[in-house]
Amino acid sequence: MRYVDEFRDPALGRRLIAAIAAEVRPDRRYRLMEFCGGHTHAIANQGLAALLPEAIRLVHGPGCPVCVLPVGRLDMALALVRRHPEVILCTYGDMMRVPASGGDSLFSARAEGADVRMVYSTLDALAVARSTPHRPVVFLAIGFETTTPPTALALTRAAAEGLTNFSVFCNHVLTPPAIAAILAGAGEGGGAARPLDGIIGPAHVSTVIGSDAYAPCAARFGVPVVIAGFEPLDILRAVLLLVRQVNAGRVAVENEYTRAVTPAGNRRAQALMAEVFAVRPSFEWRGLGAVPASALEIRAAYAAWDAERRFAMPPLVGRENPACDCGAVLRGALAPRDCRLFGRACTPERPQGACMVSAEGACAAAWTQGPAR
Ligand code: SF4
């Protein structure tokens, strides 16, 4: 298959690994963070970390949309469906299993009688709203810049159609401020615990925001960024480019994923997002705490479709499971297997934290390699 098979070629992979080994300096270590949960899973599924020289350590980052949503925002969604039994809450499947305060979840709320429905897209949620005009339908929107344009599109369609029973509980977050927060040492324990030498930039997000969006962050913190696709050769090539930059003392944003990412990104998607959303002054992230200008809210022009305004949803401060180390895992300060619950109390069947629930979570990725060390 074009664009897939040629990026999984074993012979090319061996050549790239040899090239990386030849570049690595014996006197130094390279801590490289893959920001995106999709990369974390690709690295785990392909066993890439074990193929790299010992001097290279791949550290997972906070790029899992389900994982970074703080418990308080999930508590707000639960409070909404409990206080308003007439509401149909639509969301992506992973969100339904994430533990909220006290171990509740949207699944447990559904078992109690709340009308919580899994959808595959914002268009599904709009279809629910069209087919049940007598009931309010709320879409629980999460995710980075990849999933934001579809939410913006749903809001513009709802406005154009006069679909007054539809609204969005907006939790969309922004990638560059999160990378800056990690590099600035945000969160309990000070960010990624030890300095990072480079960032493997996200693939899908970068198709929307473009590679130029990372330049201010790279320059401010002196950390190179290489945007990579999801195939094994993409990731190995990104590692090679980062090692070369580190060795040369160079700090630049490079784009390995040129078949999909451009410097400016998708201007139409950016314009759509700008029409519908404004940047929040601050937003709480699981693991990073409050990060300035790191999330989006619905503009006043679309207030009629903003669930937070419409249902006067009060902000809630959630209670994390104190035994779950998701926060440290999301900062790259702790490896999933170093959480004392990993593979014991916490498994994909009985997840204790968001990082084990989500298809993009670091703990779920580590689990794909088995419960043992
Ligand atoms: Fe949380 Fe489970 Fe991951 Fe531990 S293994 S950090 S409890 S999700």
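Here are two short exercises on this predicted model, each with a worked solution.

Local features need pLDDT of at least 70 and side-chain atom pairs count only at pLDDT 80 or more, while totals for chains, interfaces and linings use all residues. Numbering runs from 1 along each chain as its sequence is written, and side-chain values use heavy atoms, with hydrogens and water left out.

**Exercise 1.** Work out which residues of helix 13 are buried and what they pack against.

*Solution.* Start with the helix: helices (H or I, at least four residues) and strands (E, at least two) are DSSP runs, numbered from the N terminus. Buried means under 20% relative accessible area (1.4 Å probe, protein chains only). In helix 13 (residues 267-276), that gives Ala269, Leu272, Met273 and Val276. Look down the axis next: these residues fall within an arc of 100° (taken from the directions from the axis to the C-beta atoms), so they line one face of the helix. Finally, their packing partners are helix 8, helix 10, strand 10 and strand 13 (contact: heavy atoms within 4.5 Å).

**Exercise 2.** Classify the ring pair of Phe144 and Trp285, then place it in the fold.

*Solution.* Rings of Phe, Tyr and Trp (its six-membered ring) pair if their centres lie within 6.5 Å; planes under 30 degrees apart are stacked, over 60 edge-to-face, the rest tilted. The count comes to five aromatic pairs. For this one, the centres are 5.9 Å apart and the planes at 55°, so call it tilted. Phe144 sits in the loop between strand 5 and helix 8 and Trp285 in strand 11, so the pair ties together parts 141 residues apart in sequence. Check burial too: Phe144 is buried at 5% relative accessibility, and Trp285 is buried at 1%. Last step: ring pairs link Phe35, Phe144 and Trp285 into a cluster.

Conventions
Buried < 20%, exposed > 50% of the residue type's maximum accessible area, 1.4 Å probe, protein only.
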